[in-house]
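The following exercises concern a single protein chain, and each is followed by a worked solution. Please consult the sequence and the coordinates while working through the steps.

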Amino acid sequence: MSPDQILMLIDFTYIAATVGFILSLKWLSSPVTAMRGVLIGEIASASAVVATLFDARVTEHKWVIIALIIGAGVGVPLGLVKMTAVPQRTALSHAFGALSAALVGISEYYVAAPNVGKFQMAEIGLEVVIGSLTVTGSLIAAGKLQEIKWIPQRPITYKGQNYVSLAVLASAVILILALVLHPEDTFLFPIMVGVALVFGVMLVTPIGGADMPTVISLLNSYAGFSASLLGFVLQSKVLVVAGALDGASGFILSVIMCKAMNRSFANVLFGAFGQVQAAAAGTKEDRVVKSASAEDAANILAAASRVVIVPGYGMAVAQAQHKVRELYDILSKKGVDVRFGIHPVAGRMPGHMNVLLAEADIPYDRLLEMDAINGDLPQTDVALVIGANDVTNPAARSDQSSPIYGMPIIDVDKARTVMVIKRSMAAGFAGIDNPLYYLDHTLMLFGDAKNFVSDIVREIGGSGH
Ligand code: NAP
C-alpha cells in the first residue's frame, strides 16, 4: 500500500471510530441497549489505537508495546474489582487517563522548548493544567471513596476557602499566560504543573457526601477535555473528538446529577462554593423505633396490593439482588404489584442499582426513576427499603440544617407502611440520622439484606398466603 493509501485508510478508520463513539454513548443511555453500547465503544477504541500504530510518526513500536503491556497489567486487575469498589476504580481510571495526557503534554513542551509557538504553548499549558489538576483531584476522590484513613471523607472547609482556591487557579492561568508570552522561561513550567496539582487537591477536599458522585463525573469531564486539548497538540483528530465526547458527556452527566440532587453546580465545580457546612451531621435522635421479624414482614407484604421496593447501597454490599428477585417473583405470583423506585444516586455510582437489578434479571419496565415513582407512593401499601438510607431521608425535604437539605428523595414515608432492612441504626454515606426510622408507620427489619430478604421469601413461600 502506498503511504497515501495508508493515510486514507487511517482517516477512514478514525471517522468510523468517531461514529462508533457516538453510537456507544447513545446506546449506553438505556439498560436495554447498554451492552451493545459497551461493545461498539470497545471496537471503536481498539480500531483507533490500531490505526494510530500505522501513523508514519510512530517509529518506535517497541515502546508502544511495552506501554501496552504495562497498561494492561494495571488495567486488567482494576477491571476486576468488586462492584462496590467501581466508583473509586473509576476515579483511578480518570487519574491514569489525565496523567498520561499531562505527561505527553509535558514532554511535548520540553521537546519543543524554547521554540514553542504561542498557540501551541496555550494548548499545552491548558492541557497540562487541566490534566494535572485532574490527576490529584481524582486520586483524592478515589481515596475518599475507598475510605482511606488519612483522607477525611467529610468535606473540609474553612473560612475564605473559595478565595484561596480561586487565587490558586488564577495563578495557574497567569503562569500559562506568562509561558505563552515567554515560552523560553522553562523554569515557569514545573511551577505551573505544581500549582495545578495543588489545585486538584483543593478542588476535591471540600467536597464529600452527596456531592461525591457529581465530582467524579466532573473529573471524568476534565480528563476528557484534557485529552481533547492533547489531540490539538498532537494534531490527532480522533483524540480531539473522543476527548470532546468524553468531556461533554461527563459535563452533561454532572449537570443532570446536580439537578437530581438539587445541588448548585458552582458548588461542585469550584469545590464547596456556598456549601452548607456539615456541622449538623451526626445528631442522633433519642427516640425508639419499632422493629419487626421476617414473619411479620412476610405477612404484611403478602397482604399488600401495591409494593414499592427501594434499593440502596446496602443491597449492593449484601449482594442481595438475586434474593430480591426471588421476593419479586413470589409476590408477583400472588398478584401483588411490585415495582422498584430507583434514586439517581442510590449506591455508590450512577446506575448502580440498575446494574445490580439487571444482573438479577428484574424486568426493566418494573424499574421506575424517582420522579416517576414518587407520585404513586401515597397510594402504595408498603414501601420496602433495602439497604438504602440517605436517598429516603425526609430531613432532606424539611431540615435546613441537614447537609443533604434540598436533595430530592424517594418519598417512602408517604406510603401506608414503610419497612426498612438494614443491620443497625448506623448512618449512611452522608453520616446523618434518618427521621424516617422513628415514624409511627415505619418498621425496622434489622439484619443483613440478603439473609433478611431470604427469610421473608421463605416465610411467604411457607405460609401459603
Ligand atoms: P447509604 O445512605 O450509604 O445507606 C446505606 C445503608 O445500607 C447504610 O445505612 C447501612 O446501614 C446499610 N447497609 C450496609 N450494608 C448492609 C447490609 N449488608 N445489609 C443491610 N443493610 C446494609 O445508601 P443510599 O441510600 O443508597 O445512598 C447513597 C449515598 O451514597 C448518598 O448519600 C449518595 O450521595 C452517596 N454516593 C452516591 C454515589 C452514586 O453515584 N450513586 C457515589 C458516591 C456517593 P447498616 O450499617 O445499619 O446496615
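**Exercise 1.** Determine which helices each supply at least two residues of the lining of the second largest pocket, and describe that lining by class.

*Solution.* The model is a predicted one.
Step 1. The helices that each contribute at least two lining residues are α5 (118-145), α6 (161-181), α7 (188-204), α8 (212-234) and α10 (265-270).
Step 2. The lining comprises 16 residues, and those nearest the centre of the pocket are Ile 130, Leu 133, Leu 169, Phe 199 and Tyr 222.
Step 3. Sorted by class, the lining of this pocket contains 15 nonpolar residues, one polar residue and no charged residues.
Step 4. The volume of the second largest pocket is about 270 Å³. In general, empty space of this kind is revealed by rolling a probe the size of a water molecule over the atoms.

**Exercise 2.** State how many helices and strands the protein has, and decide why its radius of gyration agrees with that of a compact globule.

*Solution.*
Step 1. The protein has 17 helices and six strands.
Step 2. For 465 residues, a compact globule would have a radius of gyration near 23 Å; the protein has 25 Å, and therefore the two agree.
Step 3. Along the principal axes, the C-alpha atoms occupy a box of roughly 80 × 60 × 35 Å.
Step 4. Buried residues make up 46% of the 465. The exposed area of the protein is about 21,900 Å², with 65% of it supplied by carbon and sulfur atoms.
Step 5. Of the contacts between residues at least 6 apart in sequence, 77% join residues at least 24 apart.

**Exercise 3.** For Ala 297, establish whether the residue is buried or exposed, and identify what it contacts beyond its neighbours within four places in sequence.

*Solution.*
Step 1. Ala 297 belongs to helix α11 (residues 294-303).
Step 2. Its relative accessibility is 0%; the cut-off for a buried residue is under 20%, so Ala 297 counts as buried.
Step 3. Outside its neighbours within four places in sequence, Ala 297 touches Met 419, Leu 445 and Ile 456.
Step 4. Val 453 lies 156 residues from Ala 297 in sequence, while their C-alpha atoms are 9.6 Å apart.

**Exercise 4.** Carry out the corresponding analysis for Leu 331: is this residue buried or exposed, and which residues are in contact with it beyond its neighbours within four places in sequence?

*Solution.*
Step 1. Leu 331 is located in helix α13 (residues 321-333).
Step 2. Because its relative accessible area is 0%, Leu 331 is buried.
Step 3. With neighbours within four places in sequence set aside, the contacts of Leu 331 are Leu 301, Ala 302, Val 336, Val 338 and Ile 460.
Step 4. Between the C-alpha atoms of Leu 331 and Ala 304 the separation is 9.2 Å, with their positions 27 residues apart along the chain.

**Exercise 5.** Examine the backbone geometry at Pro 114, Glu 147 and Gln 235.

*Solution.*
Step 1. As a reference, most residues other than glycine have a negative phi, and most peptide bonds are trans.
Step 2. The peptide bond from Ala 113 to Pro 114 is cis, its omega being near 5 degrees. Pro 114 sits in the loop between α4 (86-112) and α5.
Step 3. Glu 147, although not a glycine, has a positive phi of about 60 degrees. This residue is in the loop between α5 and α6, and its relative accessible area of 46% means that Glu 147 is partly exposed.
Step 4. Gln 235, also not a glycine, has a positive phi of about 55 degrees. Gln 235 lies in the loop between α8 and α9 (237-261); its relative accessibility is 65%, so Gln 235 counts as exposed.

Key. Residues numbered from 1 in each chain as written. Predicted model: local features only at pLDDT ≥ 70, side-chain atom pairs only at ≥ 80, totals over all residues. Heavy atoms only, no water. 1 Å grid on protein atoms, 1.4 Å probe; cavity = no way out; pocket = protein on both sides within 12 Å on 5 of 7 lines; lining within 4 Å. Points joined across faces, edges and corners; volume = space filled by probe spheres on them. Helix = DSSP H or I, 4+ residues; strand = E, 2+ residues; numbered from the N terminus. Nonpolar A, V, L, I, M, F, W, Y, C, P; charged D, E, K, R; others polar. Rg over C-alpha atoms; globule rule 2.2 N^0.38 Å. Buried < 20%, exposed > 50% of the residue type's maximum accessible area, 1.4 Å probe, protein only. Contact = heavy atoms within 4.5 Å. Areas by Shrake-Rupley, 256 points an atom, 1.4 Å probe, with all protein chains shown as cover.
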